[in-house]
Amino acid sequence: MRKISLLDCTLRDGGYVNDWNFGHNNLVSIFERLVSAKVEFIELGFIDERRGFDINRSIAPDTASFNRIFQDLDKEDSLLVGMIDYGTCGIENIQPCSESVFDGIRVIFKKHVRTEAIAFCKQIKQLGYKVFVQLVSITSYDEAELQDLICLANSLEPYAVSIVDTYGLLYQDNLLHYFELLDANLKPGISIGYHAHNNFQMGYANCIAMMNLDTERELLVDGTIHGMGKSAGNAPLELIAMWMNDNLDKKYHLNQILEAVDSNIKNFYSTPTWGYSMPFFISARNKCHPQYVFYLVDKRTLSIHSINQILDRLQREKKLSYDEEYIEKLYQDYQDKDTNDIDDVKLLKNKLTGRNILLLGPGTNLYRQYQLIKDYIEKEFPIVVSINFIDELFDIDYVFLSNSKRYVQLATALSQKDRKYKIISTSNVTKTSGRFDYVLKYSLLIDRDAEVIDNSFLMFLKVLERIEIHQVVLAGFDGYKGAGEADYIRPNLEYHFDKAKADRVNQSVIDELHKRKNDLQVIFITDSIYSQQEA
């Protein structure tokens, strides 16, 4: 049976959009999503000696720099590759493969330097790497030049030779012509790859055309999450993966790629007036009216995985005729059944009952009044729970996650193999792989009538209510000042409420604390707007 593999190049080709500045947490989170999706090849970025090392960027001067970002992460069965634009990185910057996080290196070059580039590829191969020969701007080669390249490649015997449609100029007949030349003349053990750009909106269609070819040769198909890439972008990875699942009996975990779109890539994407978008992709994938998708997205209570599960319940006759009452009923039914958290609630109750509990919020007083918190911890030895953040100043026992964005922001910390704390998550957060330590039903913790329906602080108070805890100590829950003032210890946590919105949110929290005062004693050890007013 012929072998066709998927190669993701989001962190490399997508980096043209943001100068490769994904942020360390996004680098880790995207990587883990791709691994969990079972993508065979993951390109980690550019190896380019002209750039310094930055832990937030997927471009670095040498292979050792990528070790610093990725070597402690579990790649499972995925193979990791980097890319070198020939002439931008000397061989001295490439470690032996046995010392590197990379399994392979892709080398791009223009046709006039093909002889020198292939010689460089031989040096890389001698270091133990799988070598990928990337034919930049394939449409610039004439027949003689391509035959010369094939001879050079056969002398090298790389892992793969890839057709690179740099300017998105290929139609299917052109693509198949280049493929047939390579297929007929390359040595049998050399794979053929295809890297599309979407200038003519042909990337996805061309990928399908190539995968439908009758060949015994191994094929590699490139894509990026949500088509992220310079100018017109690339073939969307999620579309290729879906087609391969449906037609080649592949088992890619598509929801993990869609979660990456929602949690990671959307941060770099400014929505145009029209064009390719994830909601329309989801509606097409589920063969349903797109308004069903927008309705569920607007709930702000569901992961992409959950949205797909609800859409899967649509009756055939209802799929293309939008019915708001019908989708609302499916939503409510799903929320009632999405997670059976009874066992996890019992486990948490056993762990927390009879102990002092200290909740940490990320307000600025967490630092300003650190000594008060430290003194309390040293005196009372409480169980420490942080809410949607982690800080190195504090040894925590649990982190409460209720928000996919916060999950991405914590990706680096949560990926550490030696972490000692447990994770309590709500069911709307989809883990990159496996299961969180405790998963609680989201719909039982939110308040749909509140100013902010998913206020994480109030949600955890409901957790305490469910496990029958009657006293809690709080630090770092300052309340919101609004009007551009800093509310949190780190800028990436800010919500940027205006003053009126901040006042409404504060009052809603005060009201909730007042309602619970007979059942839950709340003790503030740092200053808080919530403790200074009466409801």
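Biologist: How far apart are the mean positions of the positive and negative charges of the protein?

Modeller: They are 3 Å apart, with 60 positive and 76 negative charges going into the two means. Keep in mind that this is a predicted model, so every value comes from calculation.

Biologist: Fine. What does the secondary structure of the protein come to?

Modeller: You'll find 21 helices and 16 strands. The radius of gyration is 26 Å, and the globule rule gives 24 Å for 535 residues; the two are close, so the protein is as compact as a globular protein of that length. If you draw a box along the principal axes, the C-alpha atoms fill roughly 85 × 60 × 40 Å.

Biologist: And how many of the 535 residues count as buried?

Modeller: 58% of them do. The cut-off to remember is that buried means under 20% relative accessible area, while exposed means over 50%. The accessible surface of the whole protein is about 23500 Å², and carbon and sulfur atoms own 47% of that.

Biologist: What share of the contacts in the protein is between residues 24 or more positions apart?

Modeller: Taking contacts with a separation of 6 or more, 71% join residues 24 or more positions apart.

Biologist: Let's look at a strand. How do I read the two faces of β5?

Modeller: Start from the general idea: side chains in a regular strand alternate between the two faces of the sheet. Now take β5, residues 104-109, where six of six residues are buried. G104, R106 and I108 are on one side, I105, V107 and F109 are on the other, and both sides are covered.

Biologist: Which strands pair with β5?

Modeller: β4 (residues 79-85) runs parallel to β5 and is joined to it by five bridges. One bridge to look up is G82, whose partner in β5 is I105. β6 (residues 130-135) is also parallel to β5, with six bridges; there, G104 has K130 as its bridge partner.

Biologist: Can we do that again with β15? Where does it sit, and which strands does it pair with?

Modeller: β15 covers residues 471-475, and four of its five residues are buried, so the rest of the structure largely encloses it. β10 (residues 357-360) pairs with β15 in the parallel sense through three bridges, and L359 is opposite L474 there. With β16 (residues 521-524), β15 has four bridges, again running parallel. To find that pairing on screen, look for Q471 opposite Q521.

Biologist: Now a helix. How many residues of α10 are buried?

Modeller: The general idea first: an α-helix has 3.6 residues a turn, so residues three or four places apart point the same way. In α10, nine of the ten residues are buried, so the helix is largely enclosed by the rest of the structure. Among them are L254, I257, L258 and V261, along with N255, Q256 and E259.

Biologist: What covers the buried residues of α10?

Modeller: The cover includes α3, α9 (237-248), α11, α13 (304-311) and α18 (404-409). After α10 comes the loop to α11 (278-285), and K266 lies in that loop. K266 is partly exposed, because its relative accessible area is 47%. Its C-alpha atom is separated by 14 Å from that of G233, which is 33 residues away along the chain.

Biologist: Is N286 in a loop or a helix, and is it buried or exposed?

Modeller: N286 is in the loop between α11 and α12 (290-297). With 12% relative accessibility, N286 counts as buried. Leaving out residues up to four places away in sequence, N286 touches N308, L311, D312 and K319.

Biologist: One last thing: which residues have a positive phi although they are not glycine?

Modeller: K38 is one of them, with a phi of about 70°, and F381 is another, at about 50°. Look for K38 in the loop between α3 (24-36) and β2 (41-47). F381 lies in the loop from α17 (370-380) to β11 (383-387).

Biologist: And how accessible are K38 and F381?

Modeller: K38 has 38% relative accessibility, so it counts as partly exposed. F381 has a relative accessible area of 61%, so F381 is exposed.

Definitions and conventions: Residues are numbered from 1 along each chain as its sequence is written. This is a predicted model: local features need pLDDT of at least 70, side-chain atom pairs count only at pLDDT 80 or more; totals for chains, interfaces and linings use all residues. Side-chain values use heavy atoms; hydrogens and water are left out. The radius of gyration is taken over C-alpha atoms; the globule rule is 2.2 Å times the number of residues to the power 0.38. Buried means under 20% relative accessible area, exposed over 50%, partly exposed in between (1.4 Å probe, protein chains only). Contact means heavy atoms within 4.5 Å. Accessible areas come from the Shrake-Rupley method with a 1.4 Å probe; for residues, only the protein chains shown count as cover. Lys and Arg count as positive and Asp and Glu as negative; His and the chain ends are not counted. The place of a charge is taken as NZ of Lys, CZ of Arg, CG of Asp or CD of Glu. Two strands pair if DSSP finds at least two bridges between them.
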